[in-house]
Structure formats: structure tokens, C-alpha cells
Amino acid sequence: MLSEWHKTQKLLHRILPGGSWRNERCYILGGGPSLKNFDLSKTMGSRVIAINRAYQICPWADIVASCDDYFYKLHKNEHGFCSHAGLKVMMLVDPNPNLDPDVWVVPGTLERRIGTIEDGLGHGWNSGYGALMLALALGCDPIYLIGFDM
């Protein structure tokens with residue numbers, strides 16, 4: 001169930017409902033060093049979710065996603081997060097009244113589950129995990145994780 005503050009946000013499911021990318025190939029770009037050796041041109045023609053600073057090297061990403069309010073504060077203006085052409089998406093459990101008007105919200109939940117875009121996705125306080133849950137909720141198949149160097 002959505003909290004009252006989620007009901008006042010620009011909710012992503014209004015323009016991109018769950019299952020919208022069903023059976024489409026999706027690349028999720030993390031921030032690990034292996035991303036530097038990956039030929040990003042291989043992602044063209046596929047769905048791309050760029051996590052945090054990965055937006056800086058992938059101007060064609062469909063979605064730029066984060067669950068990190070501090071990252072958003074640092075990158076919303078001077079580094080271009082909000083000027084990226086893709087959908088800007090914050091996965092949030094707690095309210096952030098300082099979001100720019102073109103930033104969409106996916107309600108976050110503390111539960112570790114896929115969930116739905118409408119009712120909340122588990123993001124485990126990790127933007128990469130949250131982006132994976134978002135890709136699953138959108139119906140992507142297959143999903144490739146690039147730059148996840150754990």
C-alpha cells in the first residue's frame with residue numbers, strides 16, 4: 001500500500017506501467033570498473049537502465065535510476081543527471097520534496113521482493129538491486145548486468 005506522500009509524487013507507473021518492456025532485452029549499467037571495458041554500442045537497440053553515474057557514459061539510456069538521495073543532490077544540476085534525455089527515476093522509501101519536476105518516482109519498500117511499479121519495489125537500499133527489480137517488474141527478458149563487480 002502506498003504511503004500518503006507517494007500519492008503526491010510523479011509516479012512512474014502513470015507513463016510506464018508494469019510489463020511495458022515484456023520480453024525485451026535490457027542492459028543495466030552499474031558503476032564497476034568492468035563497465036570501462038564493455039563496448040556500450042552493443043546496448044543500442046535494447047532497453048538500457050543506467051544506475052547513478054552510468055548516465056554520464058550512456059546518453060541513450062532509457063532510464064537513469066537511483067535510490068540514493070545524496071547522489072541525486074550532488075548530480076541533479078552540475079553533473080547533468082536532470083538534463084539526461086532518459087526518464088529520471090528515483091526509487092524512494094522516504095519522501096524527497098526537492099525532486100525536480102521531471103523526476104519520476106517508483107515507491108520503494110524495505111521488503112526484499114520484486115513487487116510492482118505501482119505498489120513498490122524492493123530496492124535493498126542499493127540502486128543496482130533496485131534497477132534489477134525495476135527491469136523485472138517491466139518484464140524484461142533477458143537482463144544483462146554490466147559493471148557489477150562484486
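# Close-up views of a predicted α/β model

**View 1. The whole chain, from end to end.** Going along the sequence, the elements come in the order β-β-β-α-β-β-β-α-β. That makes two helices and seven strands (DSSP runs, H or I of at least four residues for helices and E of at least two for strands, numbered from the N terminus). This is a predicted model, so local features need pLDDT of at least 70 and side-chain atom pairs count only at pLDDT 80 or more, while totals for chains, interfaces and linings use all residues. Residues are numbered from 1 along each chain as its sequence is written, and side-chain values use heavy atoms, with hydrogens and water left out. Along the principal axes, the C-alpha atoms take up a box of roughly 45 × 35 × 30 Å. The radius of gyration is 14 Å, which agrees with the value near 15 Å for a compact globule of 150 residues (taken over C-alpha atoms, with the globule rule being 2.2 Å times the number of residues to the power 0.38). Of the 150 residues, 50% count as buried (buried is under 20% relative accessible area, exposed is over 50% and partly exposed is in between, with a 1.4 Å probe and protein chains only). About 7500 Å² is exposed, and carbon and sulfur atoms supply 52% of that (Shrake-Rupley method, 1.4 Å probe; for residues, only the protein chains shown count as cover).

**View 2. The largest nonpolar core.** This core has 23 residues, and the ones touching the most other members are Leu12, Trp21, Ile49, Ile63, Val106, Leu134 and Leu138 (a nonpolar core is a set of buried Ala, Val, Leu, Ile, Met, Phe, Trp, Tyr and Cys residues joined through side-chain atoms within 4.5 Å). Two or more residues each come from strand 1 (26-29), strand 2 (47-51), strand 3 (63-66), strand 4 (87-92), strand 5 (103-109) and helix 2 (127-138). Helix 2 chips in the most, with six residues. Another core, of 22 residues, lies apart from this one and has Leu40, Ala50, Leu92 and Leu99 among its members.

**View 3. Trp21 and its neighbours.** Leaving out residues up to four places away in sequence, Trp21 touches Leu16, Cys26, Arg47, Ile49, Asp62, Ile63, Leu138, Gly139 and Cys140 (contact means heavy atoms within 4.5 Å). Across the protein, 51% of the contacts between residues at least 6 apart in sequence join residues at least 24 apart.

**View 4. Strand 4 and its two partners.** Five of the six residues in strand 4 are buried, so this strand is mostly covered. Strand 4 pairs with strand 3 in the parallel sense over four bridges (two strands pair if DSSP finds at least two bridges between them). Here, Val64 has Lys88 in strand 4 as its bridge partner. Strand 4 also runs parallel to strand 5, and five bridges join the two. Met90 has its bridge partner, Val105, in strand 5.

**View 5. An aromatic cluster around Tyr27.** The whole structure holds two aromatic pairs, and these ring pairs link Tyr27, Phe38 and Tyr144 into a cluster (rings of Phe, Tyr and Trp, using its six-membered ring, pair if their centres lie within 6.5 Å; planes under 30 degrees apart are stacked, over 60 edge-to-face and the rest tilted). Tyr27 and Phe38 make a tilted pair, because their ring centres are 6.1 Å apart and their planes sit at 45°. Tyr27 is in strand 1, while Phe38 is eleven residues away in the loop between strand 1 and strand 2. At 10% relative accessibility, Tyr27 counts as buried. Tyr27 and Tyr144 are stacked, at 5.1 Å centre to centre with 25° between the planes. Tyr144 lies in strand 7 (residues 143-146), so its pairing with Tyr27 in strand 1 ties together parts 117 residues apart in sequence. Tyr144 itself is partly exposed, at 35% relative accessibility.

**View 6. Cys26 and Ser46.** Cys26 is in strand 1 and, at 0% relative accessibility, counts as buried. Not counting residues up to four places away in sequence, Cys26 touches Trp21, Arg47, Ile49, Ala135, Cys140, Pro142, Ile143 and Tyr144. Ser46 sits in the loop between strand 1 and strand 2 and is buried too, with a relative accessible area of 13%. Setting aside its neighbours within four places in sequence, Ser46 contacts Arg25, Tyr27 and Asp62.
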